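Visitor: Please take me through one part of this model in close detail. I would like to start with the pocket.

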Amino acid sequence: MTHPWFGGVTAPRALAHRGFVPADAEDVSENSLAAVAAAHAVGARYVESDCHLTADGAVVLFHDDTLTRVTGDARPIADVTHAELEQLMATRGGLLSLEQALDTFPTLRFNLDVKAAAAAEPAGRIVARHADRVLLTSFSDARRQAAVAACRAAGGDPATSAGRATIARLLAAVGVRSRALVRRVLSGIDAVQLPPRQRGLPIVTPRLIDAVHDAGVEVHVWTINDADEMRRLLDHGVDGLVTDRVDVALRTIGTVG
């Protein structure tokens, strides 16, 4: 059966990458309260975000391991308290903890990438009561599995997408044209989320999309900001676009077909 994360919304889906920062926005950082609110305001139903753990055990929406790029502070997230990070983000759109994000935006569906091993179990526990509108993932299959297991132990059942090792096995299975192997690789997986190219070579091809669909799994592609590329991928049959320009993606999806 289809997980509720996918239900009630017809594919293709537009996933707002770290929220949405409009071109004219001032002092708004990705993954901030203001960025998620902006995605919601333009009509996004899905927000892709990232999870880290602070020094005092708060799961926060933040992409990088350190604060350098976003705040100019060189410390790792793991060395900063929630209160310190909240203060640093106060002039950058506002910090969101995972719990705050889920409670503040009850109609949004979240695609959460667990960026740190220490964040996996606490993130899974927090997600449990919202699991019908959360997809948990990570580049690391071990982190993904730990987060999903913690969520299930707490009574939730989130959707999940493949990690890097699973994607590698999928590409090998597609390469040898074995649909049976593709189905085995994707057992327990709801979505495949990957870039359109790897080392300059296209990997999101009609053959891959068809094989993944045959396994009952969706294909989401990141990070697509150009309308022409969006249309090309949608014409190939992808089910979701992860994008910094969710406004453009929503308009493009609305005109496809």
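**The largest pocket, and a helix pair**

Guide: The largest pocket holds about 450 Å³ of space. The model is predicted. In total, 26 residues line this pocket. Closest to its centre are Phe139, Gln193, Leu194, Pro195 and Trp222.

Now the secondary structure around it. Four elements each supply at least two residues of the lining: strand 2 (46-53), strand 4 (109-114), helix 7 (164-175) and strand 7 (191-194). Helix 7 gives the most, with four residues.

The chemistry of the lining is mixed. By class, the largest pocket is lined by 10 nonpolar, 10 polar and six charged residues.

Next, a helix pair. Helix 5 covers residues 117-127, and helix 6 covers residues 141-153. The two pack at an angle of about 30 degrees, with their axes 7 Å apart. Angles under 35 degrees count as roughly parallel, so helix 5 is roughly parallel to helix 6. Their crossing is right-handed.

The contact itself can be read residue by residue. Helix 5 brings Ala117, Ala120, Glu121, Gly124, Arg125 and Val127. Across from them, helix 6 offers Arg143, Ala146, Ala147, Ala150 and Cys151. By class, the residues of this contact divide into seven nonpolar, one polar and three charged. Among the nonpolar ones are Ala117 and Val127 of helix 5 and Cys151 of helix 6. Gly124 counts as polar. Glu121, Arg125 and Arg143 are the charged ones.

How values were computed. Residues are numbered from 1 along each chain as its sequence is written. This is a predicted model: local features need pLDDT of at least 70, side-chain atom pairs count only at pLDDT 80 or more; totals for chains, interfaces and linings use all residues. Side-chain values use heavy atoms; hydrogens and water are left out. Axes are lines fitted to C-alpha atoms, for helices over the stretch in contact, and angles run from 0 to 180 degrees between N-to-C directions. Angles under 35 degrees count as roughly parallel, over 145 as roughly antiparallel, 65 to 115 as roughly perpendicular and the rest as oblique. A crossing is left-handed if the near helix is turned anticlockwise from the far one by less than a right angle, and right-handed if clockwise. Contact means heavy atoms within 4.5 Å. On a 1 Å grid over the protein atoms alone, a cavity is a set of points where a 1.4 Å probe fits but cannot get out, and a pocket is an open set with protein on both sides within 12 Å along at least five of seven lines; lining residues have an atom within 4 Å of a point. Grid points are joined across faces, edges and corners, and a volume is the space filled by probe spheres set on the points.
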